[in-house]
Amino acid sequence: MKDLNDYVKAYKKQLQIGDIQEAYARLVKYVTKLGTTLSKNLSKIYSFGSLFQGYMDYTYFYYGNKFLKDRKLKMGLVLNHPKMQFEVWLLGQTIPIQERYWEYFKNTKWNKNRTTKPQYSILETVLIETPDFSDLDRLSKQIEDRLVQVTAEIIEDIKRSKLK
């Protein structure tokens, strides 16, 4: 098993190449701009929060509306760095809320093939599995369209659940 010195040596080598820092900075810049664009385009439907950069694992921001807020829920648009895909997460304000909604959602299409609750959320679903970063305007439009569609479907499921 490697010790910390081995990992630090590999880390230093990658940092000297410089690609990781550049990719990370540009991805965070893109998600920041995406949040601004979505906030402007979807302000009549959702309110958007600030960006959280994460630790090279997830870059995300929260969004929601009155319906979700009244139930102490919110959504997250997440760039999952290890999988390099965009996801939407449904989150609860407290652990009891997350557990209550997990009980409902664990048997829905959103958690198909999942036997345990996600670590940070009630459900996680992929919006864009293999994003094409060569045309950021097109990618942003794809994300926006899917976000609106998927979020509306999740909200409809919450309404059907009759949970409050």
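This briefing walks through one protein chain, from its overall layout to single residues.

The model is predicted. The chain holds 5 helices and 5 strands. Of its 164 residues, 38% are buried. UniProt, in an unreviewed entry, places a domain called DUF7000 at residues 4-156.

**Overall layout**

- Read from the N terminus, the elements follow the order α-α-β-β-α-β-β-α-β-α.
- The C-alpha trace spans about 55 × 40 × 25 Å along its principal axes.
- Over residues 4-156, the stretch that UniProt labels DUF7000, the chain is 48% helix and 23% strand.
- The C-alpha atoms at the two ends of that stretch are 48 Å apart.

**Helix H1**

- Helix H1 covers residues 4-17.
- How far apart should the ends of H1 be at 1.5 Å a residue? Its 14 residues should span 20 Å, and the end C-alpha atoms are indeed 20 Å apart, so the two values agree.
- H1 is hardly covered, as the count of buried residues in it is 0.
- At the start of H1, Asp3 makes a contact: one of its side-chain oxygens comes to within 3.0 Å of the backbone nitrogen of Asn5.
- After H1 comes Gly18, with a positive phi near 95°.

**A nonpolar patch on the surface**

- Which residues form a nonpolar patch on the surface? They are Leu4, Tyr7 and Val8.
- Together these residues have about 330 Å² of accessible area.
- Val8 is part of helix H1.
- Val8 has a relative accessibility of 42%, so it counts as partly exposed. The partly exposed class lies between the cut-offs of 20% and 50%.

**Salt bridges**

- Side chains of opposite charge can pair when their charged atoms come close.
- The structure holds 9 salt bridges. Three examples follow.
- Glu22 and Arg26 form one of them, with 3.9 Å from N to O.
- Where do Glu22 and Arg26 lie? Both are in helix H2, which runs over residues 19-41. They sit 4 residues apart, or about one turn of the helix.
- Glu22 has a relative accessible area of 43%, so it is partly exposed. Arg26 reaches 58% and counts as exposed.
- Lys106 and Glu103 form another salt bridge, at 3.1 Å from N to O.
- Lys106 is partly exposed at 30%, and Glu103 is also partly exposed, at 46%.
- Lys141 and Asp145 pair too, with an N to O value of 2.8 Å.
- Lys141 and Asp145 both belong to helix H5 and are 4 residues apart, about one turn of the helix.
- Lys141 is partly exposed, at 45% relative accessibility. Asp145 is partly exposed as well, with 39%.

**Helix H5**

- Helix H5 runs over residues 136-161.
- At 1.5 Å a residue, the 26 residues of H5 should span 38 Å. The end C-alpha atoms are 37 Å apart, which agrees.
- Which residues of H5 are buried? Among them are Leu139, Ile143, Leu147, Val150, Ile154, Ile155 and Ile158.
- The buried residues of H5 also include Ser140, Glu144, Thr151, Asp157 and Ser161.
- The salt-bridge partners Lys141 and Asp145 lie in this helix too. Lys141 is partly exposed, and so is Asp145.

**Positive phi outside glycine**

- Met56 is a residue other than glycine, yet its phi is positive, near 60°.
- Where is Met56 found? It sits in the loop between strand E1 (47-52) and strand E2 (58-64).
- Is Met56 buried or partly exposed? With a relative accessible area of 48%, Met56 is partly exposed.
- Lys162 is not a glycine either, and its phi is positive at about 65°.
- Lys162 follows H5 and belongs to the segment after that helix.
- Lys162 has a relative accessibility of 68%, so it counts as exposed. The cut-off for exposed is over 50%.

Terms used: Residues numbered from 1 in each chain as written. Predicted model: local features only at pLDDT ≥ 70, side-chain atom pairs only at ≥ 80, totals over all residues. Heavy atoms only, no water. UniProt positions renumbered as here; feature names shortened; annotations may be inferred. Patch = residues over 30% accessible without salt bridge, like charges linked within 9 Å, V, L, I, M, F, W, Y side chains within 5 Å. Areas by Shrake-Rupley, 256 points an atom, 1.4 Å probe, with all protein chains shown as cover. Salt bridge = Lys/Arg side-chain N within 4 Å of Asp/Glu carboxyl O. Buried < 20%, exposed > 50% of the residue type's maximum accessible area, 1.4 Å probe, protein only. Expected span 1.5 Å × (residues − 1). Polar contact = N/O pair within 3.5 Å; in protein donor to acceptor, adjacent residues only side chain to side chain.
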